[in-house]
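Please read the following walk through a protein model with the sequence and the coordinates open beside the text. The paragraphs go from a loop to a helix packing and then to two pockets.

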Amino acid sequence: MKVILMQDVKGLGKKGDLVNAAEGYARNYLFPRGLAAEANEGTIRSLSEVKKAEKAREERVVKEAMVIRNSLHGKTVPLKVRVGEGGKLFGSITGKDVAEALSKLAGKEIDKKKVELKDAIKALGVYSVTVKLGHDVTAVLEVHVLAQD
């Protein structure tokens, strides 16, 4: 029996897949739990419409990520911080601080989880930062940590 999976089912397939399942398994397990729907003309058509909409949404998200990448890639972002004697920072610069500066530069909110720092920045200087924008889109830029006047 052909069924369309409404959720991921271990050993059978992922959400939205059109799969063959034993009739008893489908009627007694998959259908009552809402894990699958019988594959008929209407459900197959609605599945294709959902997949088209999902693909269009994903293309739009990738396009937005590329726009942000183009505005950030290769740039140098200055961060002014308070420093003590010997150029040592009060505290450290984390991904959150970098994300806030990048959000202002890009004009779009960038999540701190997308900023990859090897370690927190604790001294003045220039540091390379990678920003993962999703869907295999990354931007590499430099953060220039400067002393505040």
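Does Asp136 count as buried or exposed, judged by its relative accessibility? The model in which this is asked is a predicted one, and in it Asp136 has a relative accessibility of 82%, so it counts as exposed, the cut-off for that class being over 50%. Asp136 is found in the loop that runs between strand 8 and strand 9, and its phi is near 60 degrees, a positive value in a residue that is not glycine. The same loop between strand 8 and strand 9 also holds His135, whose phi is likewise positive, at about 55 degrees, although His135 is not a glycine either. With a relative accessible area of 41%, His135 is classed as partly exposed, because that class covers the range between the buried limit of 20% and the exposed limit of 50%.

From this loop the reader can turn to the helices. Two packed helices are described by the angle between their axes and by the distance between those axes. Helix 2, which spans residues 41–72, packs against helix 3, residues 95–106, at an angle of about 100 degrees, and the two axes are 10 Å apart. That angle makes helix 2 roughly perpendicular to helix 3, because angles of 65 to 115 degrees fall in that class. On the side of helix 2 the contact is made by Ile68, Ser71 and Leu72, and on the side of helix 3 by Leu102, Leu105 and Ala106. By class, the residues of this contact are five nonpolar and one polar, with no charged residue.

Two further residues of helix 3 show how accessibility varies within that element. Ser103 has its place in helix 3 and is buried, with a relative accessible area of 12%, whereas Lys104, which also lies in helix 3, counts as exposed at 73% relative accessibility. When residues up to four places away in sequence are not counted, Ser103 touches Lys108, Glu109 and Ile110. For Lys104, a distance along the chain can be set beside a distance in space: Lys104 and Lys52 are 52 residues apart in sequence, and their C-alpha atoms are 34 Å apart.

Helix 2 comes up again at the largest pocket, which has a volume of about 270 Å³. Which residues line the largest pocket? Its lining is made of Ile4, Leu5, Met6, Lys15, Gly16, Thr43, Ser46, Leu47, Val50, Lys51 and Glu54. Helix 2 gives the largest share of that lining, six residues, and both strand 1 (2–5) and helix 2 supply at least two residues each. Sorted by class, the lining of the largest pocket has five nonpolar, three polar and three charged residues.

One of these lining residues, Leu47, deserves a separate look. Leu47 is located in helix 2 and counts as buried, its relative accessibility being 17%. Apart from residues up to four places away in sequence, Leu47 touches Ile4 and Gly16, and both of those residues also appear in the lining of the largest pocket. The C-alpha atoms of Leu47 and Lys118 are separated by 43 Å, with their positions 71 residues apart along the chain.

Lys14 brings the reader to the loop between strand 1 and strand 2 (18–20). At 56% relative accessibility, Lys14 counts as exposed, and, leaving aside neighbours within four places in sequence, Lys14 is in contact with Leu5, Gln7 and Asp8. Lys14 and Leu72 are 58 residues apart in sequence, while in space they are 35 Å apart, C-alpha to C-alpha.

The last stop is the second largest pocket, which holds about 200 Å³ of space. Which element provides the largest share of the lining of the second largest pocket? That element is strand 8, residues 125–134, with four residues. The full lining consists of Glu116, Leu117, Lys118, Asp119, Ala120, Ile121, Tyr127, Ser128, Val129 and Thr130, and by class these are five nonpolar, two polar and three charged residues. Strand 8 also returns the reader to the opening question, as Asp136 lies in the loop between strand 8 and strand 9.

Note on methods. Residues are numbered from 1 along each chain as its sequence is written. This is a predicted model: local features need pLDDT of at least 70, side-chain atom pairs count only at pLDDT 80 or more; totals for chains, interfaces and linings use all residues. Side-chain values use heavy atoms; hydrogens and water are left out. Axes are lines fitted to C-alpha atoms, for helices over the stretch in contact, and angles run from 0 to 180 degrees between N-to-C directions. Angles under 35 degrees count as roughly parallel, over 145 as roughly antiparallel, 65 to 115 as roughly perpendicular and the rest as oblique. Contact means heavy atoms within 4.5 Å. Ala, Val, Leu, Ile, Met, Phe, Trp, Tyr, Cys and Pro count as nonpolar, Asp, Glu, Lys and Arg as charged, and the others, Gly among them, as polar. Buried means under 20% relative accessible area, exposed over 50%, partly exposed in between (1.4 Å probe, protein chains only). On a 1 Å grid over the protein atoms alone, a cavity is a set of points where a 1.4 Å probe fits but cannot get out, and a pocket is an open set with protein on both sides within 12 Å along at least five of seven lines; lining residues have an atom within 4 Å of a point. Grid points are joined across faces, edges and corners, and a volume is the space filled by probe spheres set on the points.
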